[in-house]
Amino acid sequence: MTTRPVEAVGPLERGLAVLRAVVAGEGGRRGVGEVARETGLARATVDRIATTLTVLGVLRTEGRALLLAPGAAGLGNAYLDSCGLPALLGPHAAALAERLDEPVSLAVPDGDGVRFLAQADRRRALAFAFRPGDLLPAERCAPGALFAAEDGRPAGDGAFAARVREARERGVAVDDQLIEPGLVSVALPVRDPAGAVVCAVSVAGHTRRRDAAALEALALAPLRETVAAMETALALGAVPPGKIPAPGAVPPEKTAHAPGAVPPGEGARGDALKEELGAGFLRSLARGLDVLRAFGAVRGPARLTDLARLAGLPRATARRSLITLCHLGYVREDPGGFVLLPRVLGLGHSLLSALTLPDIATPHLVRLVRTVRESASVAVLDGDDIRYVARVAGSRLLRIDIVVGTRLPAYATSMGRVLLGALPEDERDARLGRIVPEALTPRTLTGPGALREAVAATAERGFGWVEEELEEGLRSVAVPVLDGTGRVVAALNVALGAGRCAPEESLAVLLPQLRETAGRISADLAAVGRHAPVPTA
């Protein structure tokens, strides 16, 4: 690493060191003492950094353990948005995966390794996947030989050198079980209009289906067609509506704020948190992360002035953060501006890409249950039923006994009515038209007209309410959970005994808590699911 610049921001350096130490722990979890020992920082310093990163949603705590939190996905998202490659080339990769019925990946060089950006998967019992942010040694994968062939390094001797020479001659690289036994792949480079390799696209397979030679014979021609389409897309800078422009397609000064990037003026939030938390909050660390996330709103090289404006910071403050990020290898300064580098994906993005809806929701359910002392659950629509995917039981002696995986009729539950109400009107009408409600209690709505009105009312008011319709003595209130596009993907509820208090009192106490919790879950889903879908289980 180069000599440390005198302008480097110490809290930002130390904060990223702590984050890297947590990411290196098993499953993105590390004890505070372990982090202090690994980073060489004092425990008090780690505590202040942990407080700051927890407030920012980058980490969370369980006792004396630090855990990677979904908010950290915003750092990797900034790179993926800034380079634009997943949004621009991802649809072509997905089409190729569909055509070949094999997984297709996009990867870029990252130092001596290869960093994966996206993968179009295929559903199989014997499956493998490279998550966004995964890093592999260059010599252990097909894209690595392509990148080594491009950068002009001497071929030398050895197996990797031979693969580099072959890739340079043929323009194709093959991985014959280099990563792990049974896994084979074939890769081609994708070049920008200037002829530089910007990424590699690879088709992977398993030797149970075909060996490396057979995979190349199957995939090479369609792969070449796909690369040609990708290079045309790069040259045109054409993006489907709502997608991210290609690098350099839009001048920074004309680029609109991208969803998921740091909003303009975010620096003011750091100032407010500093005033609220005092010495426990490291404002310069928060500002540095604001600058990093601001790259997500600019395609290609970003000017200092634009990054400072997007982060809501003085130009001099943003400049010091950029100097620090360049020193640490997360940013590079080019003649056209500053460029965010794929190393940012190493700040936990691959771990977060593996999260499911239950993983994301459960910590928020725990917090909600501690507040309201009632059981809380998250469910998804599964046919005409709801299926519980996450649940935390309340602390009362009398509590609702339901486990994850339980299915209940959607028509008689608050979460079911929220999910039915979120369907497009024609789909909702078709769904309700085929349901034959059963009177589970004397209060269950069974008339088609009454049920339609109840679902429509739920959609209009934004929450579901069921009083002793599923089971006598059971009351439930539910709210929707949204993904990053604003689509309802799940519902969150609290269930309690109907005799505990008046309905109005339950609603007044529970609804604000439910909405706040659903908002937090939705924000985490938006961050984690920005570039890859979040599985429901």
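How many of the eight residues of helix α11 (residues 304-311) are buried? Keep that in mind while we walk through this predicted model; here are my notes.

1. Let's settle the opening question. Six of the eight residues of α11 are buried, so the helix is largely enclosed by the rest of the structure. If you want to find them on screen, look for Leu304, Asp306, Leu307, Ala308, Leu310 and Ala311. Just after α11 comes Gly312, and its phi is positive, near 70 degrees.

2. Now zoom out to the whole chain. You'll be scrolling past 18 helices and 17 strands. The chain has 537 residues, and 52% of them count as buried. Take the contacts with a separation of 6 or more: residues 24 or more positions apart account for 62% of those.

3. Next, have a look at how helix α2 (residues 32-39) meets helix α3 (residues 43-55). Their axes come within 9 Å and cross at roughly 115 degrees. That angle makes α2 roughly perpendicular to α3. As for its hand, the crossing of α2 and α3 is right-handed.

4. Who does the touching there? On the α2 side, the contact is made by Val32, Gly33, Val35, Ala36 and Thr39, while α3 brings in Arg43, Val46 and Asp47. Sorted by class, this contact of α2 with α3 has four nonpolar, two polar and two charged residues. Here's a handy bit of background for reading such lists: an α-helix has 3.6 residues a turn, so residues three or four places apart point the same way. You can try that idea on Val32, Val35, Ala36 and Thr39, which are among the α2 residues in the contact.

5. On to the cysteines. How many disulfides does a search of the whole structure find? The count is zero. Take Cys199 as a worked case: the closest cysteine sulfur belongs to Cys83 and is 8.6 Å from the sulfur of Cys199, too far for a bond, because a disulfide needs the two sulfur atoms within 2.5 Å. Cys199 is also buried, with a relative accessible area of 0%.

6. Last stop: Ser185, which you'll find in strand β8 (residues 183-191). Is Ser185 buried or exposed? With a relative accessible area of 8%, Ser185 counts as buried, because the cut-off for that is under 20%. And which residues are around it? Setting aside neighbours within four places in sequence, Ser185 is in contact with Ala142, Ala173, Val174, Asp175, Val203, Ala204 and Leu215.

Key. Residues numbered from 1 in each chain as written. Predicted model: local features only at pLDDT ≥ 70, side-chain atom pairs only at ≥ 80, totals over all residues. Heavy atoms only, no water. Axes fitted to C-alpha atoms, helices over the stretch in contact; angles between N-to-C directions. Helix = DSSP H or I, 4+ residues; strand = E, 2+ residues; numbered from the N terminus. Parallel < 35°, antiparallel > 145°, perpendicular 65-115°, else oblique. Left-handed = near helix turned anticlockwise from the far one by under 90°. Contact = heavy atoms within 4.5 Å. Nonpolar A, V, L, I, M, F, W, Y, C, P; charged D, E, K, R; others polar. Buried < 20%, exposed > 50% of the residue type's maximum accessible area, 1.4 Å probe, protein only.
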